[in-house]
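User: I am new to this structure and would like a close look at a single part, set in its surroundings. Please take it step by step.

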Amino acid sequence: MNAIDIRGLILVDSLPSGRDGLLARTPFAMVDVAGMSPLERIAQTMRRHGVSPMAIVVEDDSAYRRRRPIPPGMAFRAASPDRYWRLAEGTFNDLAQNGTELVLVVRLGPYAEIDFEKLVQFHLAGPRRVTQVVCGGRPLEIFCLSASRRNDAASLFRSQLGQCRSQLESYEHDGYFNPLAGPGDLRQFAIDVLTLNTETQPAGTEVRPGVWVGSEASIEKGSRILAPAFIGASARIGCGSLITRCSTIERHAHVDCGTVVENSTVLPYSYVGAGLDIAHSVVRIGHIASLRRGVTVKVSDQKLLGRVSSTGARYLWKAAVSLPARIWNGIFRNGSAPPPPLEDALLRPSSALGVSACDTKVAGEFASDLMAVRRYGDQ
Amino acid sequence: MGTNSRPVVVKRVPERMNARAARDFLHDVEPFLSIDRPQLVFDLSEVLQLDAAGVEVLLRCMSEAHKRDGDVKLASPSQQAAVVLELTRTERLFEIYETSVDAVRSFSGFLPNAMRQQLLHKRPRTPAAA
């Protein structure tokens, strides 16, 4: 396979997978799952098959660059949405000019574990101009192109991988596939990685069967980690907490004391408060996607879900700043006015709602007998 | 048999139940909690933000109601409220109904179903119209 020069071109755009509100514009392909993002896993698979280096085009790579060094052999190129496909085409042309013979184009979104060696053999056996990977009759945005076919590549990129001027040959993929289209797919991917249904494995040390722990992770005494589970690098698990049923706590996340995390994913740098019950969910900083309810909600209270405090000094600073307010509240708020009598309370406009207790919308919904009971009750 | 003659107070919970709103809310409902055997329904349909302080107030209301042999029930929780209640393990402490009407009616049906069935069977049947 090394006899011919094969390069990989991985395209990651932020639009298709980040629309549900959980991740804003961050694509799922760049979100850690059991220690590594799907992007890194694809790159790792390519390297294993002798395809290197990779040119990766993303719409916004700032989130990736900020927290992680770029692995050797990976070249990042970022583009704004209007220049995204032009840059992809330009990158392809650069690779072709540098003597590359074959280019593997992979667009994430969906994650598929392709045997790139077999794909290349299939492509060369034709010989074919452009080969597209198909999974169960559904075409995937994974292509093998001869670098000399620039016009084919141009038509492919200009149609956003929708069509090609040459006939596309189909290569049937029968391995692992995950559409990675929502939090449910992200969760399923974590389960598949932890239960070893994928070729790729959790990025950590297997401290006991089915439990992987990243470097510098802190697991306090009294906490229980039930297999299969993953604790990412520098993550913190508080005392008395329980991590179970294929849960993954990603790097730098903090699960506070007494919290139960069941069949859930806690994404990097997320803080989960003490004594909570996280079940069938994906948690990001200040957000939770409940898979049972099919909704993503924002949780503003930092005591429940938030961002991990970066340093101890910052925590002390915050405590010092809030101290005068606490003293003030302690002195003056204790002596609050006694509650008004019941008759007044019924007619008085509520300070929280702005209407009186007797004037609610739901009052009209009650059956007449219920209203009578209320009006002539024994009170 | 299943008729309850005491008043049921339905209270709408504000959109944003943060620390300040929770304090105001508690102040609003305190008079209703201080009566004998209070019966309250909190309508959570408009809640967009429910903080730990808000959950604490709901629990406090329930505790106060129980002290006076009453009860607090929740009705039509929004998705936001439902997720936070689930997150904080408080959804199992409250009776939660789909609508405020259902919640109010539940106060009058205090007899266990099995006992109600027995009473229905004992009641003499009215002759069917010819």
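How many helices and strands does chain B have? From there, please look closely at helix 3 of chain B and what surrounds it.

Analyst: The model is predicted, and every value below is computed from it. Chain B has five helices and six strands. Along the sequence these elements come in the pattern β-β-α-β-β-α-β-α-β-α-α. Chain B has 130 residues, and 51% of them count as buried. When contacts in chain B between residues at least 6 apart in sequence are taken together, 76% of them join residues at least 24 apart. Chain B has an accessible surface of about 6,500 Å², with 51% of that area belonging to carbon and sulfur atoms.

Helix 3 of chain B covers residues 79-87. Eight of its nine residues are buried, so the helix is largely enclosed by the rest of the structure. To count as buried, a residue must have under 20% relative accessible area. The buried residues of helix 3 are Gln80(B), Ala81(B), Ala82(B), Val83(B), Val84(B), Leu85(B), Glu86(B) and Leu87(B). In an α-helix there are 3.6 residues a turn, so residues three or four places apart point the same way. After helix 3 of chain B comes Arg89(B), which has a positive phi, near 60 degrees.

The helix also takes part in the lining of a cavity. The structure has two cavities of 30 Å³ or more, and the largest has a volume of about 50 Å³. From chain B, the lining of the largest cavity includes Val83(B), Glu86(B) and Leu87(B), and these three are also among the buried residues of helix 3. From chain A, Asp277(A), Ile278(A), Ala279(A), Ser281(A), Ile288(A) and Ser290(A) line the largest cavity. Two strands of chain A, strand 22 (277-279) and strand 24 (287-290), each give two or more residues to this lining, as does helix 3 of chain B. The largest cavity is thus lined by residues of both chain A and chain B.

Chain A, the other contributor to that lining, has nine helices and 26 strands. Of its 379 residues, 49% are buried. Among contacts in chain A between residues at least 6 apart in sequence, the share joining residues at least 24 apart is 47%. The accessible surface of chain A is about 18,100 Å², and 51% of it belongs to carbon and sulfur atoms.

One sheet of chain A can be described in more detail. Five strands of chain A form an open sheet with mixed pairing, in the order 12-15-18-21-26. At its edges lie strand 12 (218-219) and strand 26 (305-307), each pairing on one side only. Strands of a sheet pair through backbone hydrogen bonds, either parallel or antiparallel. Strand 12 of chain A is parallel to strand 15 (residues 236-237) of chain A, and two bridges join this pair. Within strand 15, Ile237(A) is the bridge partner of Ile219(A).

Last, the cysteines. Over all chains, the structure has zero disulfides. The sulfur of Cys144(A) has its closest cysteine sulfur 12 Å away, in Cys164(A), which is too far for a bond. Cys144(A) is buried, with 0% relative accessibility. Cys257(A) is in no disulfide either, and its nearest cysteine sulfur, that of Cys239(A), is 3.4 Å away. A disulfide needs the two sulfur atoms within 2.5 Å. With a relative accessible area of 30%, Cys257(A) is partly exposed.

Methods:
Residues numbered from 1 in each chain as written. Chains lettered and ligands numbered in written order. Predicted model: local features only at pLDDT ≥ 70, side-chain atom pairs only at ≥ 80, totals over all residues. Heavy atoms only, no water. Helix = DSSP H or I, 4+ residues; strand = E, 2+ residues; numbered from the N terminus. Buried < 20%, exposed > 50% of the residue type's maximum accessible area, 1.4 Å probe, protein only. Contact = heavy atoms within 4.5 Å. Areas by Shrake-Rupley, 256 points an atom, 1.4 Å probe, with all protein chains shown as cover. Pairing = 2+ DSSP bridges. 1 Å grid on protein atoms, 1.4 Å probe; cavity = no way out; pocket = protein on both sides within 12 Å on 5 of 7 lines; lining within 4 Å. Points joined across faces, edges and corners; volume = space filled by probe spheres on them.
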